[in-house]
Amino acid sequence: MEKSKVIFGNVMSSSVVSKAESSKNKYIRKYGDDRGVAYPVHLEENPYIGKSLGVQNVLVGDLDKNAHFDRAKHPDGLPDPVWDEEKGIIVGNIRMGFGHYRISMAIASAAHSMGYVPYWMDLNSYGETTCTKVIGAQNDLYSLGSRLSKIGLFNKLVWEPMNYEGFRALSYNAADQKNAELMAPVYANVPKDIPVVGTHVWPAQAAIHAGMKHVVNAIPDNWPMALHLSEGSIHTIQCQNAYMGYKILNGMQKDKVLKPMPKGSLFYTGHYIDHELVQNIEEDCKKRMERKKLGKPMRFLLTIGGAGAQKEIFAEIIRYLLPYIKEDKAVLYVNVGDYKNVWEELQKEIPEMKNESVEHFDDFAETTEFAEKALEADVHGIHGFWHKNIFEAVYCTNLLMRSCDVLVTKPSELAFYPVPKLFIKRVGKHEMWGAIHSAEMGDGTLECRDIPHTLQMIQLFMEEDLLEQMCDSIVRNKSVGLYDGAYKVVELAMAHKKGK
């Protein structure tokens, strides 16, 4: 049965199917149709996280049109690929913000720790393919929407309704499934028996359309939306409170009672967290509480998302904390990802930052060394981090997370990480459930939707026992496996391959 016509046994109307077909045809007219092309595939060690996480890049098509290929390093190209079909696992992802890359790194880290070989397949990096062109166009729209969400009327009338109810509808999934047919060719020369874990729904949908045999769709959000459905995949979720909503496709066709997802297609796993962070939870929380007890400056990590939408909030936090930084009562880590302009704009708006700041720019070895030393040594002032490469830009936050006391972030994928968290205003209504879940688990605050409440929460962290409470919760959560989701996703993928 065509996946746009029937979704988990629920028949779509002819108008929904027609609209889905029109969406696909629009992309064909704009970007072409390469479903008859069998693109060559190459493998290379990822130059940024290859050694630490064991990751190999999967490069599809013309090497010089692959975003992750560096001809200067490989003037003669790459040899024919040699896949590890016994221990290999494909991590299928896209860059849309930083979130899906971050989840992919968690899956790769867990797989590597378990003795598997993670293959990094970024469907938004194969420049000559229709797949990448379609994803790139939608990514650009999403990034624009994230930035425009700062405009109150646009956010209220367009962005929040789309992210909350628009993406929730089964009709949206019908269109996505049609568009995903155009993404399938990137898997044409990938061994079909190697499991695929999609950390965005499109790599999972495309893998199913391409005939990949073992596909896990690692759903990032805990607000149930049809956007995240990839029928034919094993679906995993991070939160128990999302299970029933996904199981019965709650509200995905307004008030209609729908046929549920079948048995064996949906599993709760816990949070998708990197092995390196999970294994050090107790030690890192112990050090946080020791620093607080000794009256050492509290370390706040500000991390901007891939859409770059939080600069104004960052600026107010920095202004508020500057007196405390000068008195050695607070420390700031500011990771602007690959948005150097954000750091430059912050310094322009707050000139007094400059005297307190140390820049760690585009030198990942130095960033890694700083992060390792900060686990034991005292840290002072403001430390700014920027890396041109997307892998380094994203993984920088992981490195800094261990030695920070409080992570300041919007309640997106970072809401699930085992570090005390202060949640600033969301970008899209679906994200609010990340803060709700974290507050219920005791490892994060409520969502602070304006500057005064954000600053109030900073004060509470510095003056009261909020940090200690969250550290206790994080250690307790680890003991019941809350942060073991990445391991369990890998286990499900490999078990499916073995027929278990």
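The following exchange takes up an open sheet, several aromatic pairs and two charges over rings in a predicted model.

User: What should I keep in mind about this model and its numbering?

Analyst: The model is predicted, so local features need pLDDT of at least 70 and side-chain atom pairs count only at pLDDT 80 or more, while totals for chains, interfaces and linings use all residues. Residues are numbered from 1 along each chain as its sequence is written, and side-chain values use heavy atoms, with hydrogens and water left out.

User: What makes E13 and E15 paired strands?

Analyst: Strands (E, at least two residues) are DSSP runs numbered from the N terminus, as are helices (H or I, at least four residues), and two strands pair if DSSP finds at least two bridges between them. Four bridges join E13 (residues 330-335) to E15 (residues 382-386), which run parallel, so the pairing criterion is met. Among the bridge partners are Asn335 and, in E15, Phe385.

User: Why are E14 and E18 said to stand at the edges?

Analyst: The open sheet has seven strands in the order E14-E15-E13-E12-E16-E17-E18, with parallel pairing. Strand E14 (357-361) and strand E18 (444-447) each have a single partner strand, so one side of each is left without a neighbour in the sheet.

User: Why is the pair of Tyr320 and Tyr324 called tilted?

Analyst: Rings of Phe, Tyr and Trp (its six-membered ring) pair if their centres lie within 6.5 Å, and planes under 30 degrees apart count as stacked, over 60 as edge-to-face and the rest as tilted. The centres of Tyr320 and Tyr324 are 5.8 Å apart and their planes stand at 40 degrees, so this pair is tilted. Both residues belong to helix H11 (residues 311-326), where being four residues apart separates them by about one helical turn.

User: What is the pair of Phe361 and Trp386 called, and what parts does it tie together?

Analyst: With 5.7 Å centre to centre and 70 degrees between the planes, Phe361 and Trp386 form an edge-to-face pair. Phe361 lies in strand E14 and Trp386 in strand E15, so the pair ties together parts that are 25 residues apart in sequence.

User: Are Phe361 and Trp386 buried or exposed?

Analyst: Buried means under 20% relative accessible area, exposed over 50%, and partly exposed in between (1.4 Å probe, protein chains only). Phe361, at 22%, therefore counts as partly exposed, whereas Trp386, at 11%, is buried.

User: How do you know that Lys429 sits over the ring of Tyr164?

Analyst: A charge sits over a ring if NZ of Lys or CZ of Arg is within 6 Å of the ring centre and within 35 degrees of the ring normal. The charged end of Lys429 sits over the ring of Tyr164, 4.5 Å from its centre, and Lys26 lies over the face of Tyr27, at 4.8 Å from the ring centre.
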